[in-house]
Amino acid sequence: MTESRTHTLFSFGTLRDERVQTALFGGAVPTSPASLAGYTTRPLKITDPAVIAASGLDVHLILERRLGASVEGAVLHLTDQELAAADTYEVDDYTRRRVVLSSGATTWAYLDAKPLRPAERIVVVGDSIAYGRCDPRGGWAGHLAAAHIAGNEAERRLFNLAVPGSTLADVAEQTPALLAARRPDTLLVAAGINDSAVPATRTEAEADADSDPGSDPDSASASASDGSADLARLAGRLDTLAATALGHNARLVVTGPSWLDEDRTRDYEGLCFTRARALALRAFVRAWCEANHIDFLDLWEPLRERTELLVDGLHPTAEGHRALYEHLDALGR
């Protein structure tokens, strides 16, 4: 029989109520006072009858980022089953994510399910598409910055630190040194198309096969084709970025690659881009995010089959960037 683990969950609202705990867990659970720095709260209208019946309230609180603020609450110590019950109790407006308490301890908390809506200070890192190549307005990130800052010019910021040509390896290595001065509460990582690319004339796997007489050429070709070995290495880079974000008490949000026109990108600056490899990257990143309770914003659909919105089969036009922004805005804000 598998032993139940103990989880800690920061509560700032109705989960501290003994009546709610009794309804969900069968009785009061071990609780200790705690505070969460860098957040404030705002009211949220509840319409779920079961949640209203359990709490006696049709307005709950939800967390919002605010530099210099803090929220007082409590840490609940829960079993696997009790944590699952808490997940079921929270309505779809909430999602469970890792946060850092004022004490420095990490714990679960229920945050806004729209990851960019509660943000105050956003840092964007990624490649040329995140950088805004081919759009004088700064691409989808430029549109996001304009809308975000317009909501509260005095407090909100967006820093676009994307670098054309970057892979997740580059981003994982370079990002830690860039964050402290910008005091982000949200790290938006564009897991771009470069991580799916291979040299157009000779793949790394094929070169390894030639240098190793005992290797299986067919296996090397299969690995080169689907990129599984390359994708597996990305988990460590995403793990690094997750730790980096948490170290700054920031929420990690990852976007997947956007659709590409394979007929026009077979040999782009010495690299080969295919839809199969891009889709494999998309699926891998989505699965990693789900397994690690990280927000994933899928950017594949807005440009699907819309070749006219791509300058070279890969980089969006200004109109293409606008379409990406509108899709991301709907998902994230």
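The legends below describe close-up views of two cavities and one pocket in a predicted model.

**View 1. The largest cavity and the residues closest to its centre.** The structure holds two cavities of 30 Å³ or more, and the largest of them encloses about 90 Å³ of space. Its lining is made up of 14 residues, of which Ile-129, Gly-256, Pro-257, Ser-258 and Leu-299 are the closest to the centre. By residue class, the lining of the largest cavity comprises nine nonpolar residues, four polar residues and one charged residue.

**View 2. The second largest cavity, with β3 and β5 in its lining.** This cavity contains about 70 Å³ of space, and the residues lining it include Tyr-39, Leu-63, Arg-65, Leu-111 and Asp-112, together with Asp-185, Thr-186 and Arg-251. Pro-115, Pro-118 and Ala-119 also belong to the lining of the second largest cavity, to which β3 (59-79) and β5 (106-112) each contribute at least two residues. Six nonpolar, one polar and four charged residues make up this lining.

**View 3. The second largest pocket, with α10 in its lining.** The volume of the second largest pocket is about 280 Å³, and among the 20 residues that line this pocket, Arg-98, Ala-242, Leu-246, Asn-292 and Ile-294 are the closest to its centre. At least two lining residues come from each of β4 (94-100), α10 (228-247) and β10 (251-255), and the largest share, five residues, is supplied by α10. In the lining of the second largest pocket, 11 residues are nonpolar, three are polar and six are charged.

Technical notes
Residues numbered from 1 in each chain as written. Predicted model: local features only at pLDDT ≥ 70, side-chain atom pairs only at ≥ 80, totals over all residues. Heavy atoms only, no water. 1 Å grid on protein atoms, 1.4 Å probe; cavity = no way out; pocket = protein on both sides within 12 Å on 5 of 7 lines; lining within 4 Å. Points joined across faces, edges and corners; volume = space filled by probe spheres on them. Nonpolar A, V, L, I, M, F, W, Y, C, P; charged D, E, K, R; others polar. Helix = DSSP H or I, 4+ residues; strand = E, 2+ residues; numbered from the N terminus.
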